[in-house]
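I opened my notebook beside the viewer and wrote down what I looked up, step by step. Follow along if you like.

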Amino acid sequence: NTAVHGFSESDVEAMSDLVRRHNLTGVVLAVNARILAKDPTPFDAFFDEVPASQILAWTGKFLLPISRKQVEKIKAHFRENGGLDRVGFDIEMAGSFVMGVI
């Protein structure tokens, strides 16, 4: 289940297949930041397969804000794998640890 475990390799492979099938370039994937924080690893292959791609990690307007720890987890992953410059954020950050955990 994506909401529980994050995006799977097969989820991201399906995204890659769609991009290839339609010969798309410069693709920006809008990805829920909370789900991305669970495991950003599958998107490494997407970045390899679609060189001009980017990720926009977002939180919903009427959803609870994301914790700073989750955002840092995303940033650390992509920083370590050389893709941080291809990840943007449109998020509401929690003002406290408690609000980010709820």
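**Entry 1: one residue to start.** I am working with a predicted model. I clicked on Glu-9 and asked whether this residue is buried or exposed. Its relative accessible area is 66%, and a residue counts as exposed over 50%, so Glu-9 is exposed. Next I looked up where Glu-9 sits, and its place is in helix 2. I also checked a distance to Asp-44, which is 35 residues away along the chain. The C-alpha atoms of Glu-9 and Asp-44 are separated by 9.8 Å.

**Entry 2: the whole chain.** I stepped back to see the overall plan. I noted six helices and three strands in the protein chain. Reading along the sequence, I wrote the pattern as α-α-β-α-α-β-α-β-α. The C-alpha atoms fill a box of roughly 45 × 25 × 20 Å along the principal axes.

Does the radius of gyration agree or disagree with that of a compact globule? For 102 residues, a compact globule would come out near 13 Å, and the protein chain has 14 Å, which agrees. I then looked at burial: 36% of the 102 residues count as buried. The chain exposes about 6,300 Å², with carbon and sulfur atoms supplying 56% of that area. I looked up contacts as well, taking those between residues at least 6 apart in sequence. Of these contacts, 79% join residues at least 24 apart.

**Entry 3: helix 2.** Back to the helix that holds Glu-9. Helix 2 has 13 residues, and at 1.5 Å a residue they should span 18 Å. Its end C-alpha atoms are 18 Å apart, so the expected span and the model agree.

Which residues of helix 2 are buried? I found Val-12, Ser-16 and Val-19. Seen down the helix axis, these buried residues fall within an arc of 60 degrees, so they line one face of helix 2. I wrote a reminder in the margin: an α-helix has 3.6 residues a turn, so residues three or four places apart point the same way. On the face turned away from the buried side I found the exposed residues Ser-10 and Arg-21. The buried residues of helix 2 pack against helix 4.

**Entry 4: just past helix 2.** I followed the chain on to Asn-23, in the loop between helix 2 and strand 1. Its phi is near 50 degrees, a positive value in a residue other than glycine. Asn-23 has 67% relative accessibility, so this residue counts as exposed.

**Entry 5: helix 4 and its neighbours.** Helix 4 covers residues 42-49, and its buried residues are Pro-42, Phe-43, Asp-44, Phe-46 and Phe-47. Asp-44 is the partner I used for the distance from Glu-9. What do the buried residues of helix 4 pack against? My list reads helix 2, strand 1, helix 3, strand 2, helix 5 and strand 3.

**Entry 6: the strands.** I turned to the pairing. Strand 1 and strand 2 pair in the parallel sense over five bridges, and Val-28 stands opposite Gln-54 in strand 2. Strand 2 and strand 3 also run parallel, joined by four bridges. In that pairing, Ile-55 stands opposite Val-87 in strand 3.

Then I compared the two faces of strand 2. Ile-55 and Ala-57 make up the covered face, while Gln-54, Leu-56 and Trp-58 lie on the uncovered one. Another margin reminder: in a regular strand the side chains alternate between the two faces of the sheet.

**Entry 7: helix 5.** Helix 5 has 13 residues and reaches 18 Å from its first C-alpha to its last, close to the expected 18 Å. I looked up its buried residues and wrote down Val-71, Ile-74, His-77 and Phe-78. They cover an arc of only 130 degrees around the axis, which puts them on the same side of helix 5. The face turned away from that buried side carries the exposed residues Arg-68, Lys-69 and Glu-80. The buried residues of helix 5 pack against helix 3, helix 4, strand 2 and strand 3. Helix 5 is followed by Gly-82, where phi is positive, near 75 degrees.

Methods. Residues are numbered from 1 along each chain as its sequence is written. This is a predicted model: local features need pLDDT of at least 70, side-chain atom pairs count only at pLDDT 80 or more; totals for chains, interfaces and linings use all residues. Side-chain values use heavy atoms; hydrogens and water are left out. Buried means under 20% relative accessible area, exposed over 50%, partly exposed in between (1.4 Å probe, protein chains only). Contact means heavy atoms within 4.5 Å. The expected span of a helix is 1.5 Å times one less than its number of residues. The arc is that of the directions from the helix axis to the C-beta atoms. The radius of gyration is taken over C-alpha atoms; the globule rule is 2.2 Å times the number of residues to the power 0.38. Accessible areas come from the Shrake-Rupley method with a 1.4 Å probe; for residues, only the protein chains shown count as cover. Two strands pair if DSSP finds at least two bridges between them.
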